Amino acid sequence: MTATLPAPTASIWSPVQWESWRDEVRRLARERDAVLLAHNYQAPEIQDVADHVGDSLALSRLAAAAEQSTIVFAGVHFMAETAKILAPEKTVLVPDAAAGCSLADTITADQLRAWKAEHPGAVVVSYVNTSAEVKAETDICCTSSNAVEVVESIPADREVLFLPDQFLGAHVQRVTGRKNMRIWMGECHVHAGISPTDLRASVEAAPDAELLVHPECGCATSALWMVSDGQLPTDRVHVLSTGGMLDQARRTTAKRVLVATEIGMLHQLRQANPVTSFEPVNSRAACPYMKMSTPEKLLRALREGRDEITVDPEIAARARAAVEAMVAIGTPSPVGE
């Protein structure tokens, strides 16, 4: 039976309607032979109905190994592309193909080719938050959980072109001490918007709280400076990927934890540790592209088989080599973005 859903948005649904929606999503997934994947930054309701929740790469790897013939990826466009790259034989659907990424949009394949021409012989390291065309021009991909490991795998005498996130690049350069590393000046507008001012205000309001900071954030450098300056104790400040945050959430004994990343991640942290209070450094840090995968659009994807993601086979083959090169170096955290 098809669920009867109210118009115009799920924000007005009653508990009974939410239950009806969940039952219909699961029924349609079975009918379509689909596995449902949800990124950490999706709405809590979508995370809870999914088969798997995690970062973009971990979910793509799960998709490639899944027995189902269809992948429904509740995330943004480049994530569904990566799933298609790793599972070319499967049908890949995304609730809204218009869901882009401000970070991925900061560099195009043409721009990367021009940058490579200026630095012949350099090794190109691309964050997975990039288009298939950019991945096809890349030597090796990385996530925020293994970016340091990837860069350290490159011979010390080889120049590195790191893209597109300037804050993650600065973090990697700081940790590795790499001098011959060029960094593209891109940023995620949501993470960049979590500012040093936000960080200071949060720390002043909760001086005894633990602090978790994603390396894409505009406040990451400030957090480490505050540690070096003695304003914050070293053992309470952690610059981590989302996977690292989840691991830390499970083992922390802190009463309060301040979290600097997209606010969708709070749902996973609170589920992992319901005793600790997890609070956002910036409560407005919500990615509008991630929130384009609404409950209604998820149902539409399952009912109508849209929006389907395709990748040119030649581009996919070259991009796949860059992703597989990364996987060969080490296994990213299950939720390691």
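The largest cavity in this predicted model has a volume of about 150 Å³. Its lining is made up of 18 residues. Those nearest the centre of the cavity are Tyr41, Cys101, Cys188, Cys287 and Met290. Among the secondary-structure elements, helix α4 (residues 77–86) contributes at least two residues to this lining, and α9 (residues 189–192) likewise supplies at least two. When the lining of the largest cavity is sorted by class, 10 residues are nonpolar, five are polar and three are charged.

In total, two cavities of 30 Å³ or more are present in the structure. The second largest cavity encloses about 30 Å³ of space. Its lining comprises Leu36, Leu37, Ala38, Ile46, Val49, Ala50, Val72, Ala74 and Leu298. Two or more of the lining residues come from each of strand β1 (34–39), helix α2 (44–49) and strand β3 (70–74). Of the elements concerned, β1 gives the most to the lining of the second largest cavity, with three residues. The class composition of this lining is nine nonpolar residues, with no polar and no charged residues. The lining of the largest cavity, by contrast, includes five polar and three charged residues.

Aromatic contacts were examined next. The count of aromatic pairs in the model comes to four. One of these joins Trp13 and Trp21, whose ring centres lie 6.2 Å apart with an angle of 55° between the planes. This geometry is classed as tilted, because an angle of 55° falls neither under 30 degrees, the limit for stacked rings, nor over 60, the limit for edge-to-face rings. Both Trp13 and Trp21 are buried.

A further pair is formed by Trp18 and Trp21, with 5.4 Å from centre to centre and 90° between the planes. The arrangement of Trp18 and Trp21 is edge-to-face. Both residues belong to helix α1 (residues 15–32). Because Trp18 and Trp21 are three residues apart in α1, about one helical turn separates them. Trp18 has a relative accessible area of 15% and is therefore buried, the cut-off for this class being under 20%. For Trp21 the relative accessible area is 0%, so this residue is buried as well.

Taken together, the ring pairs link Trp13, Trp18 and Trp21 into a cluster. Within this cluster, Trp21 takes part in the tilted pair with Trp13 and in the edge-to-face pair with Trp18.

Key: Residues are numbered from 1 along each chain as its sequence is written. This is a predicted model: local features need pLDDT of at least 70, side-chain atom pairs count only at pLDDT 80 or more; totals for chains, interfaces and linings use all residues. Side-chain values use heavy atoms; hydrogens and water are left out. On a 1 Å grid over the protein atoms alone, a cavity is a set of points where a 1.4 Å probe fits but cannot get out, and a pocket is an open set with protein on both sides within 12 Å along at least five of seven lines; lining residues have an atom within 4 Å of a point. Grid points are joined across faces, edges and corners, and a volume is the space filled by probe spheres set on the points. Helices (H or I, at least four residues) and strands (E, at least two) are DSSP runs, numbered from the N terminus. Ala, Val, Leu, Ile, Met, Phe, Trp, Tyr, Cys and Pro count as nonpolar, Asp, Glu, Lys and Arg as charged, and the others, Gly among them, as polar. Rings of Phe, Tyr and Trp (its six-membered ring) pair if their centres lie within 6.5 Å; planes under 30 degrees apart count as stacked, over 60 as edge-to-face and the rest as tilted. Buried means under 20% relative accessible area, exposed over 50%, partly exposed in between (1.4 Å probe, protein chains only).
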